[in-house]
Amino acid sequence: MQLHNAPYFSIGLTGGIGCGKSTVADLFAARGASIVDTDQIAHSLTAPHGAAMPALVAEFGPDYADARGALDRTKMRNLVFSDAAAKARLEAILHPRIRQATLEAAAAATGSYVIFAVPLLVESGGWVERVNRVLVIDCEESLQISRVMARNGLSEEQVKAIMATQATRAMRLAAADDVIDNNGDLAALAPQIAQLHDLYLAFSKRMAGIGSQRL
């Protein structure tokens, strides 16, 4: 999936679980950015009668669909956490469909610039090169754990297990062009987002004049 030849300025937004990616994306959207959320796309593909469900049921069996015809996420999560081959089979079905839907959503975007919200941007290996800049939402790991425990009702051990499958905080920060500190409250995000929004608007206007590149 090539984005550098696209006629829009693009940012890849990422962060570990519980860092506040969705909150930050919503705040950018309120300022006029177009958000393409790969998690939302994946959920739509695996929702009741989603486009990926026939292939998933054919591959994994009807037991992996719930009574509504959606993916049984808990059962699939348990499987792929313990079986690397199953994870690869799942990704072989979902990833091409997610890529296609992502491109279609970006092509239809009308915002000042496009933010691709990609939870596993660093882990995926290709997204860093596809976008003009990488924005990492960062917070202390202890805060990630407490937020996810409160939000999802998971145990500390379960949250740590999820975090262990993701890039480390240091790896994400090393890939970042820009960082938003989300160790505080909502009010602390506003000035950081305002500053980056102005920067991205300037880059978007500049790119319109010189063509796509890493900025």
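The points below concern helix packing, two buried core residues, the cysteines and one backbone angle in a predicted model.

1. Helix α3, which covers residues 53-60, and helix α5, which covers residues 84-107, have axes that come within 10 Å and cross at roughly 165 degrees. Since angles over 145 degrees count as roughly antiparallel, α3 and α5 are therefore roughly antiparallel to each other. The crossing in which α3 passes α5 is right-handed.

2. On the α3 side of this contact stand Ala55, Leu56, Glu59 and Phe60, and they meet Ala86, Arg89, Leu90, Ile93, Leu94 and Arg97 on the α5 side. Sorted by class, the residues of the contact of α3 with α5 comprise seven nonpolar and three charged, with no polar residue among them.

3. Helix α4, residues 73-82, also packs against α5, and here the two axes come within 5 Å and cross at roughly 125 degrees. An angle of that value makes α4 oblique to α5, and the crossing of the two helices is left-handed. From α4, the residues Met76, Leu79, Val80 and Ser82 meet Ala84, Ala86, Lys87 and Leu90 of α5. The contact of α4 with α5 has six nonpolar residues, one polar and one charged. Reading the two contact lists side by side, a colleague may wish to note that Ala86 and Leu90 of α5 appear in the contact with α3 and also in the contact with α4.

4. Isoleucine 180 belongs to strand β5, residues 178-181, and its relative accessibility of 0% is why it counts as buried. Leaving aside neighbours within four places in sequence, isoleucine 180 is in contact with Val24, Phe28, Leu135, Val136, Ile137, Asp138, Leu189, Gln192, Ile193 and Leu196. One of these partners, valine 136, is 44 residues away along the chain, yet its C-alpha atom and that of isoleucine 180 are separated by 6.3 Å.

5. Leucine 196, one of the contacts of isoleucine 180, lies in helix α11, residues 186-210. Its relative accessibility is 10%, and because buried means under 20%, leucine 196 counts as buried. Not counting residues up to four places away in sequence, leucine 196 touches Phe28, Leu135, Asp178 and Ile180. The C-alpha atoms of leucine 196 and leucine 135 are separated by 9.5 Å, although the two residues are 61 residues apart along the chain. Phe28 and Leu135 are listed as contacts of leucine 196 and are listed for isoleucine 180 as well.

6. A search of the whole structure finds zero disulfides. Cysteine 19 is in no disulfide, and the nearest cysteine sulfur to its own, that of cysteine 139, is 3.7 Å away; cysteine 139 is likewise in no disulfide, with the sulfur of cysteine 19 as the nearest cysteine sulfur. A disulfide requires the two sulfur atoms to be within 2.5 Å, so the separation of 3.7 Å leaves this pair outside the criterion. Cysteine 19 counts as buried at 1% relative accessibility, and cysteine 139 counts as buried at 0%.

7. Histidine 49 deserves a look at the backbone, since it has a positive phi of about 65 degrees although it is not a glycine. Most residues other than glycine have a negative phi. Histidine 49 is placed in the loop between α2, residues 38-45, and α3, and with a relative accessibility of 72% it counts as exposed.

Definitions and conventions. Residues are numbered from 1 along each chain as its sequence is written. This is a predicted model: local features need pLDDT of at least 70, side-chain atom pairs count only at pLDDT 80 or more; totals for chains, interfaces and linings use all residues. Side-chain values use heavy atoms; hydrogens and water are left out. Axes are lines fitted to C-alpha atoms, for helices over the stretch in contact, and angles run from 0 to 180 degrees between N-to-C directions. Helices (H or I, at least four residues) and strands (E, at least two) are DSSP runs, numbered from the N terminus. Angles under 35 degrees count as roughly parallel, over 145 as roughly antiparallel, 65 to 115 as roughly perpendicular and the rest as oblique. A crossing is left-handed if the near helix is turned anticlockwise from the far one by less than a right angle, and right-handed if clockwise. Contact means heavy atoms within 4.5 Å. Ala, Val, Leu, Ile, Met, Phe, Trp, Tyr, Cys and Pro count as nonpolar, Asp, Glu, Lys and Arg as charged, and the others, Gly among them, as polar. Buried means under 20% relative accessible area, exposed over 50%, partly exposed in between (1.4 Å probe, protein chains only).
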